[in-house]
Amino acid sequence: MTAGLVHEAVRYQRPGGSVAVSAVLDDAGVPEAVAVGEWDAAGRVLLLSYLTVRPRSRSGGLGGLLMGVVAGAWQERFRPLLTLAEVEHPLAHKADGERGDPAARLCFYARHGARALDIPYFQPALRPGAERVHGMLLLVLARASGTEGERPDTVDPGPVRSFLEDYLLSGEEHRADGPVLRMRDALARPGGVRLLPLDDVRALPLSVPDGAARP
């Protein structure tokens, strides 16, 4: 297989934003692994929205190769304040032969230094008529060094709040229901948003719809 990385596939997405795509190609030029990043220039937040490896090529180091691009070339291109990733909470989502194992995915990100934001995060409806996806985690993969007032175990809620407000508005009516209010409350805690290690799954925040119980 040819470990050829496509760094420059960046296309216009919307005013103030763009999409970055990096891929590992096989000898026929077919992607074996792909990473997609969405750049919000206004908030200076980069979201790793999609990272996948074909089942036949998993555990072969391709995901780590792409994480090196996220930590290297993408940082140099965009200079984000925060680089985030949204992943499934292992308590809320089961392993799937095609999509993979949420617990293994969390371990993968932990090996690359990711930590979870201490907010009950859900993926908003991405288009009219779609449903929210509860039971998600928002991970911090990288952040700009030397941010004033930040401690090693917290992040400034400002860029996170800006990103989430824009993300919610882009795909669904911005309603102040329970899940939204709980996320806002977490962002308003004094001292910034805590960063949590990924080794204790039950200690990680878990969003649920109104009236639902935590798994």
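How many helices and strands does the chain have? In this predicted model, the chain has five helices and 10 strands. These elements provide the landmarks for the paragraphs that follow.

The chain as a whole may be considered before its parts. It consists of 215 residues, of which 45% count as buried. Its accessible surface comes to about 10900 Å², and carbon and sulfur atoms account for 52% of that area. The contacts describe how the chain is brought together: among those between residues at least 6 apart in sequence, 64% join residues at least 24 apart.

Helix α1, which covers residues 62-71, shows how burial can be arranged within one element. Its buried residues are Leu62, Gly63, Leu66, Met67, Val69 and Val70. Why do these residues line one face of the helix? Seen down the axis of α1, the buried residues fall within an arc of 155 degrees, and therefore they line one face.

The interior also contains empty space. Rolling a probe the size of a water molecule over the atoms shows where such space is left. In this structure there is one cavity of 30 Å³ or more. About 60 Å³ of space lies in the largest cavity. Which elements give two or more residues to its lining? They are α4 (157-171) and α5 (178-187). The lining is made up of Arg161, Leu164, Glu165, Leu168, Val180, Met183, Arg184 and Leu187. By character, the lining residues divide into five nonpolar, three charged and no polar.

The loops offer two further points of interest, which concern the backbone angle phi. Most residues other than glycine have a negative phi. Arg44 is not a glycine, yet its phi is positive, at about 55 degrees. Where is Arg44 found? Arg44 lies in the loop between β4 (31-40) and β5 (45-53). With a relative accessible area of 35%, Arg44 is partly exposed, since this term applies to values from 20% to 50%.

Arg79 is likewise a residue other than glycine with a positive phi, in this case near 50 degrees. Its place is in the loop between α2 (73-78) and β6 (82-88). Is Arg79 buried or exposed? The relative accessible area of Arg79 is 56%. Because a residue counts as exposed when this value is over 50%, Arg79 is exposed.

Notes: Residues numbered from 1 in each chain as written. Predicted model: local features only at pLDDT ≥ 70, side-chain atom pairs only at ≥ 80, totals over all residues. Heavy atoms only, no water. 1 Å grid on protein atoms, 1.4 Å probe; cavity = no way out; pocket = protein on both sides within 12 Å on 5 of 7 lines; lining within 4 Å. Points joined across faces, edges and corners; volume = space filled by probe spheres on them. Helix = DSSP H or I, 4+ residues; strand = E, 2+ residues; numbered from the N terminus. Nonpolar A, V, L, I, M, F, W, Y, C, P; charged D, E, K, R; others polar. Buried < 20%, exposed > 50% of the residue type's maximum accessible area, 1.4 Å probe, protein only. Contact = heavy atoms within 4.5 Å. Areas by Shrake-Rupley, 256 points an atom, 1.4 Å probe, with all protein chains shown as cover. Arc of directions from axis to C-beta.
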